[in-house]
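Here are a few exercises to work through with the model open in your viewer. Try each one before reading its solution.

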Amino acid sequence: MEKIASFTVNHLKLLPGIYVSRKDRVGEQIVTTFDIRMTRPNEEPVMNTAEVHTIEHLGATFLRNEEQVKDRVIYFGPMGCWTGFYLILAGDYLSRDIVSLMREMFCFIRDYEGEIPGAAARDCGNYLDMNLPMAKYYADRYIREVLDGIDESRLTYPE
């Protein structure tokens with residue numbers, strides 16, 4: 001059986017960053033999947049489900065309401081390894097193309113106050129598993145350590 005593309009990335013050298021994971025053709029449209037890597041795989045603890053869940057709710061809410069991109073968002077959600085998120089957008093993009101969008105999204109998460117959108121039993125299957133303070137911590141860390149001064153080492157997968 002052939003390995004899927006994400007299993008061919010050298011996770012021993014992978015830094016937190018923004019990477020194009022794959023591009024697919026759906027009919028006439030190109031769809032770009034981004035790897036929004038927040039923690040260093042196999043080098044530091046993974047994020048817990050509560051903060052991942054909170055980032056998912058806030059990130060998806062932000063993206064689906066952001067005027068410039070809302071009609072191109074197909075999916076935003078966590079990786080199974082709990083080290084980051086996948087963002088799937090309709091269109092043909094490079095990693096650098098979404099740096100400002102990710103900065104806006106993570107600033108939104110870092111600065112968010114109030115009830116988490118969708119964090120109610122009627123709206124979510126696990127609404128009690130939320131941690132806004134830790135989501136804000138990870139968002140701030142991602143801004144400071146990844147987005148501020150981002151360079152090619154955090155935009156292109158390592159060999």
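This is a predicted model, and we begin with two tyrosines.

**Exercise 1. Are Tyr-19 and Tyr-157 buried or exposed, and how are their rings arranged?**

Step 1. Start with the surroundings: Tyr-19 and Tyr-157 are both buried.

Step 2. Now take the rings. The centres of Tyr-19 and Tyr-157 sit 4.8 Å apart and the planes make an angle of 10 degrees, so this pair is stacked. Planes under 30 degrees apart count as stacked.

Step 3. Place the partners on the chain. Tyr-19 belongs to strand β1, while Tyr-157 is in the segment after α3, and 138 residues separate them, so to speak, as distant parts of the chain that the pair links.

**Exercise 2. Classify the ring pair Tyr-137 and Tyr-138, then work out how buried or exposed each residue is.**

Step 1. For Tyr-137 and Tyr-138, the ring centres are 5.2 Å apart and the planes are at 75 degrees. Planes over 60 degrees apart count as edge-to-face, so that is what we call this pair.

Step 2. Check accessibility. Tyr-137 has 41% relative accessibility and therefore counts as partly exposed. Tyr-138 has 10%, so Tyr-138 counts as buried.

Step 3. Zoom out to the rest of the aromatics. The whole structure holds 7 aromatic pairs, and Phe-62, Phe-108 and Tyr-112 make up one aromatic cluster.

**Exercise 3. Describe how helices α1 and α3 meet.**

Step 1. Get the geometry. The axes of α1 (residues 49–63) and α3 (residues 132–147) come within 8 Å and cross at roughly 75 degrees.

Step 2. Name the arrangement. Angles from 65 to 115 degrees count as roughly perpendicular, and α1 and α3 are therefore roughly perpendicular to each other.

Step 3. List who touches whom. On the α1 side the contact uses Glu-51, Thr-54, Ile-55 and Leu-58; α3 brings Leu-132, Met-134, Ala-135 and Tyr-138.

Step 4. Sort these by character: 6 are nonpolar, 1 is polar and 1 is charged.

**Exercise 4. What covers the buried residues of α3, and what do you find at its start and after it?**

Step 1. Pick out the buried residues of α3, among them Leu-132, Ala-135, Ala-139, Ile-143 and Val-146. Lys-136 and Arg-141 are on the buried list too.

Step 2. Look at the cover, which includes β1 (17–26), β2 (29–37), α1 and α2 (99–111).

Step 3. Go to the start of α3. A side-chain oxygen of Asn-131 comes to within 3.0 Å of the backbone nitrogen of Met-134.

Step 4. Then check what follows α3: Gly-149, with a positive phi near 75 degrees.

**Exercise 5. Where does Thr-83 lie, and which side chain does its own side chain make a polar contact with?**

Step 1. Thr-83 lies in the loop between β3 (73–78) and β4 (84–90).

Step 2. Relative accessibility for Thr-83 is 4%, so Thr-83 counts as buried.

Step 3. The side chain of Thr-83 makes a polar contact of 2.7 Å with the side chain of Arg-37. Setting aside neighbours within four places in sequence, Thr-83 also has contacts including Met-38, Pro-41 and Val-46.

**Exercise 6. Which residues does Leu-87 contact, leaving aside neighbours within four places in sequence?**

Step 1. Find Leu-87 in strand β4. At 0% relative accessibility, Leu-87 counts as buried.

Step 2. Its contacts are Thr-32, Thr-33, Phe-34, Ile-36, Leu-63, Tyr-75, Phe-76, Ile-98 and Met-102.

Step 3. Take Thr-32 from that list: 55 residues from Leu-87 along the chain, with the two C-alpha atoms 8.2 Å apart.

Definitions and conventions
Residues numbered from 1 in each chain as written. Predicted model: local features only at pLDDT ≥ 70, side-chain atom pairs only at ≥ 80, totals over all residues. Heavy atoms only, no water. Axes fitted to C-alpha atoms, helices over the stretch in contact; angles between N-to-C directions. Helix = DSSP H or I, 4+ residues; strand = E, 2+ residues; numbered from the N terminus. Parallel < 35°, antiparallel > 145°, perpendicular 65-115°, else oblique. Contact = heavy atoms within 4.5 Å. Nonpolar A, V, L, I, M, F, W, Y, C, P; charged D, E, K, R; others polar. Buried < 20%, exposed > 50% of the residue type's maximum accessible area, 1.4 Å probe, protein only. Polar contact = N/O pair within 3.5 Å; in protein donor to acceptor, adjacent residues only side chain to side chain. Phe/Tyr/Trp six-rings, centres within 6.5 Å; stacked < 30°, edge-to-face > 60°.
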